[in-house]
Amino acid sequence: MKRVNYWDYIAVEPLLKLQGGVDGDEGTVNNDELLFIVVHQVYELWFKLILRELTQARDFFRRNPVPDHLLASSVRALRRVSTILAQAVAHFELIETLTTRDFLAFRDRLIPASGFQSAQMREIEVLLGLDDRERLALGTGGSYLDALKDGDAPSPAYHRVIARLAGGPPLREVLDEWLFRTPIDGSSPGQPGDEERVLAFLHRYLDAVDREARRRLEEAAPLQAHSDEAMACLQDRYRAEVAQARAFLLAEDATEEERRRTSRIRAALIFIESYRDLPLLAWPREVVDAIVELEQRFLLFRQRHARMVERVIGRRIGTGGSSGVDYLDQTAIRYRIFRNFWAVRTFLLREAALPTMNDPETYSFRFSAASSGA
Ligand code: HEM
């Protein structure tokens with residue numbers, strides 16, 4: 001049997017030969033550029049891990065039904081991704097030890113290479129479910145896929161992303177399917193009367209939102225409304241919040257064909273968050289929270305990258321040809337994938353204000369003779 005050693009297992013020697021820069025010769029790479037290359041390589045390795053974990057989580061949620069124990073495993077995978085992102089973001093501080101002048105010494109040689117060409121970053125976006133229609137123009141005329149080409153020829157980066165696009169549904173889609181199937185008030189899609197029961201739940205919930213808004217307004221008015229005008233303004237604001245809750249939960253923004261499905265997905269999110277203390281909703285609620293945490297980390301990555309870029313190169317045009325910091329800031333605002341997961345938070349209620357639910361027994365642990373081994 002082969003004797004294992006550290007240097008072969010970690011591939012230390014090949015790894016240390018990968019920092020040759022443009023000329024493939026480390027002798028031409030100064031300390032600043034070595035830092036620049038190493039930090040990018042470390043990021044790509046983190047991206048590799050992230051892709052592994054996300055693919056596994058996606059595959060768990062492709063199952064129908066998702067076995068209970070896989071919910072816990074998926075939360076572990078999602079939380080690991082969040083932890084990686086938290087660590088990765090800290091590496092931008094290392095790049096900030098690079099002064100503008102020192103970076104400019106080798107920057108122009110890199111044109112047109114750019115983070116635009118990080119195939120793994122695009123794979124992460126694709127796997128999470130960033131909608132192509134949401135993508136910003138890169139500023140160079142072509143699509144994000146064109147930026148991955150080598151001139152006009154497909155590159156390994158391009159093939160990687162194409163394979164990912166063809167490699168199964170994104171996490172957002174399978175999570176939506178899972179949410180859609182979530183029993184609400186004990187009722188599942190396909191059961192007789194499901195549509196009516198979900199709607200009844202939503203109306204009870206919206207009544208509770210309305211009651212809660214009135215109560216909050218009553219409490220806030222003496223403290224905040226110091227004039228009739230301020231009172232009218234406050235009333236409008238609370239009314240608008242209730243109207244928003246209604247529009248959101250009844251999916252008034254969705255097309256006619258999609259409305260019922262979208263509304264059920266949003267109802268499931270509200271239901272899981274609201275009644276999370278019931279045994280069978282505890283893990284689903286952790287999944288929902290892990291997704292929000294993950295996307296928050298991802299947004300922080302984008303924002304932190306933009307601030308680092310602004311510090312190092314100001315607001316000049318990027319080597320990839322975009323407007324630079326402006327483009328990056330816009331991605332941090334616009335690229336939201338799990339929008340429903342965030343939106344429900346505005347409409348969640350305190351426990352004491354929740355409507356009583358029907359059929360809580362559906363969400364208790366059940367032991368069949370087979371599963372208890374009896
Ligand atoms: C001095 C260091 C850096 C500067 C000045 C910089 C600058 C930029 C700029 C201006 C863009 C916009 C595209 C363009 O026009 O080129 C960009 C995109 C990007 N950069 Fe950086 N970057 C730096 C370091 C890094 C590092 C360490 C990473 C780690 C992976 C990274 C990842 C990315 C990614 C993934 C994109 C594409 C963003 C998107 O399209 O959503 N960058 N970078």
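Helices H3 and H4 run roughly antiparallel to each other in this predicted model. That label follows because their axes cross at roughly 160°, and angles over 145 degrees count as roughly antiparallel. The two axes come within 9 Å, and the crossing is left-handed.

What does the contact of H3 with H4 consist of, by class? There are 17 nonpolar, 3 polar and 2 charged residues. On the H3 side you'll find, among them, Tyr43, Trp46, Phe60 and Phe61. H4 brings residues including Leu70, Leu71, Val81, Ile84 and Val89. Glu53 in H3 and Arg80 in H4 are also part of this contact.

Here are the helices that come up in this report, with their residue ranges:

| Helix | Residues |
|---|---|
| H3 | 31–62 |
| H4 | 68–90 |
| H6 | 100–107 |
| H7 | 119–128 |
| H13 | 279–313 |

Now for charges. Side chains of opposite charge can pair when their charged atoms come close. A search of the whole structure turns up 44 salt bridges. One to look at joins the side chains of glutamate 33 and arginine 109, at 3.2 Å from N to O. This pair ties together distant parts of the chain, 76 residues apart. Glutamate 33 belongs to helix H3, while arginine 109 sits in the loop between H6 and H7.

On to the metal. Which protein residue is the donor to the iron atom of the ligand? His305 is the only one, and its NE2 atom lies at 2.2 Å from the iron. To find histidine 305 in the structure, go to helix H13.

Notes. Residues are numbered from 1 along each chain as its sequence is written. This is a predicted model: local features need pLDDT of at least 70, side-chain atom pairs count only at pLDDT 80 or more; totals for chains, interfaces and linings use all residues. Side-chain values use heavy atoms; hydrogens and water are left out. Donors are N, O and S atoms within 2.8 Å of the metal (3.2 Å for Na, K and Ca); water is not among the atoms, so sites may look incomplete. Helices (H or I, at least four residues) and strands (E, at least two) are DSSP runs, numbered from the N terminus. Axes are lines fitted to C-alpha atoms, for helices over the stretch in contact, and angles run from 0 to 180 degrees between N-to-C directions. Angles under 35 degrees count as roughly parallel, over 145 as roughly antiparallel, 65 to 115 as roughly perpendicular and the rest as oblique. A crossing is left-handed if the near helix is turned anticlockwise from the far one by less than a right angle, and right-handed if clockwise. Contact means heavy atoms within 4.5 Å. Ala, Val, Leu, Ile, Met, Phe, Trp, Tyr, Cys and Pro count as nonpolar, Asp, Glu, Lys and Arg as charged, and the others, Gly among them, as polar. A salt bridge is a side-chain nitrogen of Lys or Arg within 4 Å of a carboxyl oxygen of Asp or Glu.
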